[in-house]
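Subject: Structure for your review

Dear colleague,

Please find below the structure that I am handing over to you. I would be grateful if you would keep it open while reading the notes underneath.

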Amino acid sequence: MAKIGINIATGSLQQQEMIVGIDLGTTNSLVAIIHPESKKPVALKEHDGNTLVPSIIHFDESGIISVGELAKKFLITEPQNTIFSIKRLLGKSYNDIKKRSTFFTYKIIDDNTESLVKIQVGSKFYSPIELSSYILKELKTRAEHILKTPVKKAVITVPAYFNDAQRQATRDAGKLAGLDVLRIVNEPTAASLAYGLGMKKDEIKTVAVYDLGGGTFDISILRITNGIFEVLSTNGDTYLGGDDFDQTIIKFWMQQTGITEEELSMHKNILQEFRLKAEEAKKHLSLNNLYEGKVANDNIIITRSEFEKLAEPLVEKTITCCKNAMSDAGLSFNEIDEVIMVGGSTRIPLVKEKISKLFGRKVHDELNPDEVVALGAAVQADILAGNNKDFLLLDITPLSLGIETMGGLMDVLVPRNSKIPSKVGRQYTTQKDGQSGIRISVFQGERDLVRDNRKLAEFNLSGIPPMPAGLPKVEVSFLINADGILTVKAKELRSGVEQSIEVKPQYGLTDEEVEKMLMDSIKHAIEDIATRALVESRTEAMQLIDTTEKFMQKNKASLTEDELRITQSAIDDLKIVIQSSDKDIIHQKTEALNEISRPYAERVLDVAISKAMSGKNIKDAI
Ligand code: ADP
Ligand code: MG
């Protein structure tokens, strides 16, 4: 399935690298790719036809790990060794989950309540990150088996409400599984992408994503503007999902058969059978009107309308959450353009019906609701792979963007993590009289000196008509459009001379490089602040010398011999210290010269001088 090329030089086969989309779910996980021929996203299928891998991990006595359907068999019979719902524990401390600790049938360590939770299986301890990595590793292995090509890069989805710790934990789990996680994407964003929403430029849409999975319910309201996904609000219930529907069916059958709570807790295998049959019945009733079966020699039966009566209060709960999300977003239901159904439990006809009615429109259910998030992750992966050339989804700038100013300093115009599209402008001026051009050098990075950052582009704004230093008003503007393309424009406002250049800010930077640049900026923060202060004091000193010398030449007549001598000696003093790396002494001598020259300036009132003394200068054009 993967594209294969032949290297003409060596004659060897070259396989194009595959980036997969992964939905790491609370209940089920799966992998999707863009089909190389149809160019449509598809979920990867094993021989058994299953796309979903239950997010369950089982450890046998000798420590052998199984994941998926195999592990699911042990859920009830070996609760201590069978880990489910690990996603709920990602990035959490014991304090965060202690109210729900009875939900987990395996052992969660509670001695250190502040730090991240650990899970004990047998005599070993595991972090949720490690356990999640087992699921991801299983998905990776499956994908490689199906695609017959190594899979190293992935996009992984997370709920929109995941905080930084949870997102980082997901990334780390990917890394541990041997995956290069190119992007963490919000599940509702992925679902929208799977339906092609947000893929058109100039598109503005408000979308509700209703996600009812196995154990959780999320409603997210998104605003899509020119390819930017903004989460307006999220709401939900982290303990409401398909499992609760199953529970209501089990209760119903217990009454039907007379089997009691005590019997079930004594005979775990019967409970296990009940659970499996309840889920089977629920799914069957999504398409049929009647389910009949047997549990431990007892006949069990349930009709669709009986099930709907049981399900109704649960669905009502989700509707309350939807209303809250809408009011948080400040929207009324008729302002929603599209409603997307996500999660296996939205296959229940009652759910679809009630939600269509609530939003007053037909809901999107054309794609499999339990696959749609992974499909969207594959769309995102394809965009990152550069296969979708007209579209580069970039929601924030990973690193700061700025230009070089005097002394090689980085002047940041767009700070990192700015939303895109974005537009900023700042005014600069010239340093020398009659300067006809200035050079604009564009850099990316967090360090104070441009030489430690990455140069993206450089151009000259030339043809500035002769003016005294400090008079030209050069406006430099950065515009990042929805495609992530940066356009830098420089315009001299008095004369109207302008020049611009296009840059792709993220081009060629991997996540690791971005990370390294950020780490470097933290590591060198103190030294950078010192360097910046030194450079700034030198620049200030040089400017003052320059303007004072010019002033003296021009206004010799209005100054006394004494004044000229004192000023010259202050200039000489400053010139000596300027090369030292002691910013304080430079500052002191600058102040001394300033003290002397300030009254002259006031006397002659030269606009150009005061202009040049304030405001930033960009270095000269070559
Ligand atoms: P998650 O996002 O929590 O990992 P999924 O989206 O895969 O989970 O949803 C799993 C839930 O969907 C399970 O509770 C399962 O029983 C339920 N489900 C799957 N198919 C159907 C169906 N046909 N009818 C009703 N519920 C279904
Ligand atoms: Mg899900």
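The notes below describe two helix pairs and one loop residue.

Please bear in mind that this is a predicted model. Two packed helices are described by the angle between their axes and the distance between the axes.

The first pair consists of helix H5 (residues 187-194) and helix H11 (residues 372-384), whose axes come within 7 Å and cross at roughly 80 degrees. H5 is therefore roughly perpendicular to H11. On the H5 side, the contact involves Glu187, Ala190, Ala191, Leu193 and Ala194; these meet H11 residues including Val372, Leu375, Gly376 and Gln380. Sorted by class, the residues in the contact of H5 with H11 are nine nonpolar, two polar and one charged.

The second pair is helix H9 (residues 304-329) with helix H10 (residues 349-359), packed at an angle of about 35 degrees with their axes 9 Å apart. The crossing of H9 past H10 is right-handed. Among the H9 residues that take part are Arg304, Glu308, Val315, Ile319 and Met326, while H10 contributes residues including Pro349, Lys354, Leu358 and Phe359. The contact of H9 with H10 has 11 nonpolar, one polar and six charged residues.

Finally, I would draw your attention to Gln435, in the loop between strand E23 (422-428) and strand E24 (438-444). Is Gln435 buried or exposed? Its relative accessible area is 8%, so Gln435 counts as buried, the cut-off being under 20%. The side chain of Gln435 reaches the backbone oxygen of Gly437 at 3.1 Å.

Yours sincerely,
A colleague

Definitions and conventions
Residues numbered from 1 in each chain as written. Chains lettered and ligands numbered in written order. Predicted model: local features only at pLDDT ≥ 70, side-chain atom pairs only at ≥ 80, totals over all residues. Heavy atoms only, no water. Axes fitted to C-alpha atoms, helices over the stretch in contact; angles between N-to-C directions. Helix = DSSP H or I, 4+ residues; strand = E, 2+ residues; numbered from the N terminus. Parallel < 35°, antiparallel > 145°, perpendicular 65-115°, else oblique. Contact = heavy atoms within 4.5 Å. Nonpolar A, V, L, I, M, F, W, Y, C, P; charged D, E, K, R; others polar. Left-handed = near helix turned anticlockwise from the far one by under 90°. Buried < 20%, exposed > 50% of the residue type's maximum accessible area, 1.4 Å probe, protein only. Polar contact = N/O pair within 3.5 Å; in protein donor to acceptor, adjacent residues only side chain to side chain.
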